[in-house]
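Dear colleague,

I am passing on to you the structure we talked about, and below it I have set out what was found when it was examined. Please read the notes with the structure open beside you.

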Amino acid sequence: MTQPGPEAIPKHIKDTNVNERTVGGSTKRENKLGRGQRDKVQQFMSITGASEKVAIQALKSSDWQFEGAFDIFYSHPHIKSVADTRRLEELYNRYKGKSFDLISFFAMSSPENSLTERLAVKIEIVILMINQSLDEDRIEMNQLQDVLQECKILRAVTFSDPYADMILADGITILCNDLQVDPQDIVMLVVSWHMKAATMCEFSKQEFIGGLQSLGVDSLEKFRERISFMRSELKDEHKFREIYNFAFGWAKEKGQKSLALDTAIGMWQLLFAEKQWPLVDHWCQFLQARHNKAISRDTWSQLLEFARMVDPALSNYDPEGAWPYLIDEFVDYLTENGVMQKGKLSDWSYKQ
């Protein structure tokens, strides 16, 4: 494993002028630590693949708290362990989609598909030529080769599968099984965020391998070990905001500017289960009753600000504020339906 040079390690986690000699099987540096600290160093090294030097400095910088140490480590790509490219390729190949085979394509193709029809005719010609050759005990090789070449060209055009080099829903399901994670678990959204995935239930090769490299992952075992760290990222206010905003583009249909209402509601329920907002169910009910349209990016992003800045009883809500009209209508809906009474939230028990 390649260890980062001093120039690659951020200043606040450098360890200068440290003697690397070992004493009784442990380094001199490690012997200066207490037993609990040594255990944490070993655990940190095991999980991240970091060197002892980097592990100690990351833990020291976070006052020996794992969550802070992981955050320091993973926020500095130069000090991560180097992921094995060959092993990443093997992981990718395990989950990527498969091309259509000849029979299944013909079964799925429409009779109106002119390319399919032309290829079918060429295949029939080849069969006839072979049968004729067998009958006459001769074969016109040049003519047969010409027809076969046309077949190859037509097949390449007809059966090209733009998803053959992608990890799709089936592959992601297998990945989730390997990680022992439910496909509906919010941590898979965090995984997609790390991979910078453009679309839900799809990973390109570049997204998958690049994401795992950024996490320092090159095996399923390391991937499983990172899951708890990725869950902890949802508790970070800044990262949660990034993941929340990422979710809009990730979940919407390709080519669409807005997010389908049913999808948006599902994503809000998933996200606000983590960052609890007592009004989320009322919000979803309001949308289904009064809006019933796709959700714009502006509404999506502003709702998080509303949930963060305005208390659930709306006591600090400013009707003159620059909220999207949909949020203003939501406040009116709450009042009309008796959910809000004299600045208090009624018929609702706060989630703990």
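**Backbone outliers in two loops**

Gln-180 counts as exposed because its relative accessibility is 69%, where the cut-off for that class is over 50%. This residue sits in the loop between H9 and H10, and although Gln-180 is not a glycine, its phi is positive, at about 60°. Most residues other than glycine have a negative phi, so the value is one to look at when you go through the loop. A second case is Asn-292, which lies in the loop between helix H15 (280-291) and helix H16 (297-309) and, while also being a residue other than glycine, has a positive phi near 55°. With a relative accessibility of 60%, Asn-292 counts as exposed too.

**Confidence**

Please keep in mind that this is a predicted model. The mean pLDDT of the chain is 77, and 66% of its residues reach 70 or more. Over residues 98-112 the pLDDT falls below 50, and this stretch has 18 contacts in the model beyond its near neighbours in sequence. Residues 346-352 also have a pLDDT below 50, with 17 contacts in the model beyond near neighbours in sequence.

**The largest pocket**

The largest pocket has a volume of about 390 Å³. Of the 22 residues that line this pocket, those closest to its centre are Pro-183, Gln-184, Met-200, Cys-201 and Trp-250. Helix H9 (169-179), helix H10 (187-195) and helix H14 (261-274) are the elements that each give two or more residues to the lining, and H14 gives the most, with 5 residues. Sorted by class, the lining of the largest pocket holds 13 nonpolar, 6 polar and 3 charged residues.

**The largest nonpolar core**

The largest nonpolar core has 87 residues, of which Phe-208, Trp-268, Trp-277, Trp-283, Trp-300 and Phe-306 touch the most other members. Helix H13 (residues 237-251) supplies the largest share of this core, 8 residues. If you would like one residue from which to explore the packing, which residues does Phe-208 touch once those up to four places away in sequence are left out? Phe-208 touches Leu-91, Tyr-92, Tyr-95, Ile-167, Leu-175, Met-195 and Phe-203.

With best wishes

Terms used. Residues numbered from 1 in each chain as written. Predicted model: local features only at pLDDT ≥ 70, side-chain atom pairs only at ≥ 80, totals over all residues. Heavy atoms only, no water. pLDDT = per-residue confidence, 0-100. Contact = heavy atoms within 4.5 Å. 1 Å grid on protein atoms, 1.4 Å probe; cavity = no way out; pocket = protein on both sides within 12 Å on 5 of 7 lines; lining within 4 Å. Points joined across faces, edges and corners; volume = space filled by probe spheres on them. Helix = DSSP H or I, 4+ residues; strand = E, 2+ residues; numbered from the N terminus. Nonpolar A, V, L, I, M, F, W, Y, C, P; charged D, E, K, R; others polar. Core = buried A, V, L, I, M, F, W, Y, C linked by side-chain atoms within 4.5 Å. Buried < 20%, exposed > 50% of the residue type's maximum accessible area, 1.4 Å probe, protein only.
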